[in-house]
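This report looks at a set of paired strands and at a helix that packs against them. The sequence and the structure come next.

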Amino acid sequence: MEWIQKIRKCFEFNSVFYTRHAKFEMENEEFGRILDYEVYEAVCSGDVIEAYDGDKPYPSVLVFGKTRVSRPLHIVCAYNEDEDMTIIITVYHPDPDLWIEYTRRRKT
């Protein structure tokens, strides 16, 4: 099963844990507060654009997706296979000055 499928399955079965950091970033997002349902919508429409296989304690990925109203979001999440749970590490509205079409980092 691919990463995005595992993540979506966890959302369907309410097996998602938001870190304190993720909740803080969602509340304080410079482009406006991000709500849980927006994260769900972005994950359902999203794709993995970067993988961080070396992350500990679980490998993680960067998902790019859009909400129903086309708000772009980046969601960094890990998958805990033992618990069959997705861990949301951070969520943010990507800065268009730093990303090309929100999927590729701009060279600085």
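Two strands are said to pair if DSSP finds at least two bridges between them. With that criterion in mind, and noting that this is a predicted model, the description can begin with strand β3, residues 60-66, which is mostly covered, since 6 of its 7 residues are buried. Strand β3 pairs with β4 (residues 72-80) in the antiparallel sense, and these two strands form a hairpin with 5 residues between them. Within the turn of that hairpin lies S70, which has a positive phi of about 70°. Strand β2, residues 47-52, also runs antiparallel to β3.

The two pairings of β3 are set out below.

| Pair | Sense | Bridges | A bridge partnership |
|---|---|---|---|
| β2 and β3 | antiparallel | 5 bridges | D47 with F64 |
| β3 and β4 | antiparallel | 7 bridges | L62 with V76 |

Turning to the helix, which residues of α1 are buried? In helix α1, which spans residues 3-12, the buried residues are I4, K6, I7, C10 and F11. They cover an arc of only 160° around the axis, which puts them on the same side of α1. These buried residues pack against several strands, namely β1 (16-18), β2, β3, β4 and β5 (85-92), and also against helix α3 (36-45). Strand β3 is thus both a partner in the two pairings tabulated above and one of the elements that the buried residues of α1 pack against. After α1 comes N14, whose phi is positive, near 55°.

Methods: Residues are numbered from 1 along each chain as its sequence is written. This is a predicted model: local features need pLDDT of at least 70, side-chain atom pairs count only at pLDDT 80 or more; totals for chains, interfaces and linings use all residues. Side-chain values use heavy atoms; hydrogens and water are left out. Buried means under 20% relative accessible area, exposed over 50%, partly exposed in between (1.4 Å probe, protein chains only). Helices (H or I, at least four residues) and strands (E, at least two) are DSSP runs, numbered from the N terminus. The arc is that of the directions from the helix axis to the C-beta atoms. Contact means heavy atoms within 4.5 Å.
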